[in-house]
Amino acid sequence: MNCIEITSVQKSFGSKNVLNDISLTVPNGEIFGLLGPSGAGKTTLIKILTGQIPASAGAARIFGKEAGSLGREDYGRIGMVLDNSGLYERLNVMDNMVLFAKIEGVKKERINELLEKVKLTGASRTAAGKLSKGMRQRLILARAILNSPGLLFLDEPTSGLDPAAAEKIHELLFELREQGITIFLTTHNMEEAEKLCAHIALLHEGTIVEYGVPEEICRKYNKTNQITILKKDGSQEVLDNMPENAAQIAELFQADQVEAIHSSEPNLENVFMTLTGRRLGE
């Protein structure tokens, strides 16, 4: 069963088209990535999916229900980490969680469980405004899953974080996926999307220009199909990835000359440039 189903969705604000004929599905229990630069329409699509604004045309469904008809019970199954964190800066970590737990009707045992999961138990008396970026993002994530949602929307969850802090967030997301939570991730970090997502959609100026499994998309746009061999003396050999070059590659290995070997598949950043003529962050 699909958690999200989007069929021919369009959205216009006056004469400006923001989304153009968007269709995609997100299965239950999958991390899905919607990739695109600022202004591509990612936030608009999330607002349509969560019933905040109506689509101009087409249909969007969550849990099999029209997004515009979501009720209190449905929203209780949805968690969101968007650009506005909503944390109370002067309240400490525990008090923030207690406040949101009361709103969600969640028991305190759940708070302790989540703070341990996001490794913030030792910072429970620290004011939210004094947390590091990584700790703050983990608190926001813990707050978003207080209600044990079936669907989690994440907007740039590791933006501005150092690699170590980002890795902790990634570990948490994999744990949530293993628990069966569907994650709808928006990002312009292509490397992150390749690592986390089972499927991705590249969004450019309101249109999906490519959709599929990240590795398969990269192979699809592999025009050079070459192998680069870095030799132990520091030199390189670039060979076409063809059967007739197998013997030459084997000889290099047998002579213990190979330091590393790389294939030529492009990454998602290069694919996006090929399709749009611009980098994702532009």
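1. A contact here means that heavy atoms lie within 4.5 Å of each other. By that criterion, if one takes the contacts in the protein chain between residues at least 6 apart in sequence, 65% of them join residues at least 24 apart. The model is a predicted one, and the points below should be read with that in mind.

2. Overall make-up. The protein chain has 282 residues, and 45% of them count as buried. Its secondary structure consists of ten helices and 13 strands. Along the principal axes, the C-alpha atoms fill a box of roughly 70 × 50 × 35 Å.

3. Surface. About 14300 Å² of the protein chain is exposed, and 47% of that area is supplied by carbon and sulfur atoms.

4. Helix α1. This helix covers residues 42–49 and is mostly covered, with six of its eight residues buried. Which residues of α1 are buried? They are K42, T44, L45, I46, I48 and L49; a lysine, K42, is thus listed among the buried residues. Just after α1 comes G51, whose phi is positive, at about 75°.

5. The β9–β10 hairpin. Strand β9 (residues 199–204) and strand β10 (residues 207–212) run antiparallel and are joined by five bridges. One of the pairings to look for in the structure is that of A201, whose bridge partner in β10 is Y211. The two strands form a hairpin, with two residues between them. In the turn, E205 has a positive phi of about 50°.

6. The largest pocket: size and centre. The volume of the largest pocket is about 360 Å³. Its lining is made up of 15 residues. Which of these lie nearest the centre of the pocket? They are I78, G79, M80, E104 and R143.

7. The largest pocket: where the lining comes from. Three elements give two or more residues to the lining: β6 (78–81), α3 (93–104) and α5 (133–144). Strand β6 supplies the largest share, four residues. Of the residues nearest the centre, I78, G79 and M80 fall within the range of β6, E104 falls within that of α3, and R143 falls within that of α5.

8. The largest pocket: residue classes. Sorted by class, the lining has eight nonpolar residues, five polar ones and two charged ones. Both E104 and R143, among the residues nearest the centre, belong to types that count as charged.

Technical notes:
Residues are numbered from 1 along each chain as its sequence is written. This is a predicted model: local features need pLDDT of at least 70, side-chain atom pairs count only at pLDDT 80 or more; totals for chains, interfaces and linings use all residues. Side-chain values use heavy atoms; hydrogens and water are left out. Two strands pair if DSSP finds at least two bridges between them. On a 1 Å grid over the protein atoms alone, a cavity is a set of points where a 1.4 Å probe fits but cannot get out, and a pocket is an open set with protein on both sides within 12 Å along at least five of seven lines; lining residues have an atom within 4 Å of a point. Grid points are joined across faces, edges and corners, and a volume is the space filled by probe spheres set on the points. Buried means under 20% relative accessible area, exposed over 50%, partly exposed in between (1.4 Å probe, protein chains only). Accessible areas come from the Shrake-Rupley method with a 1.4 Å probe; for residues, only the protein chains shown count as cover.
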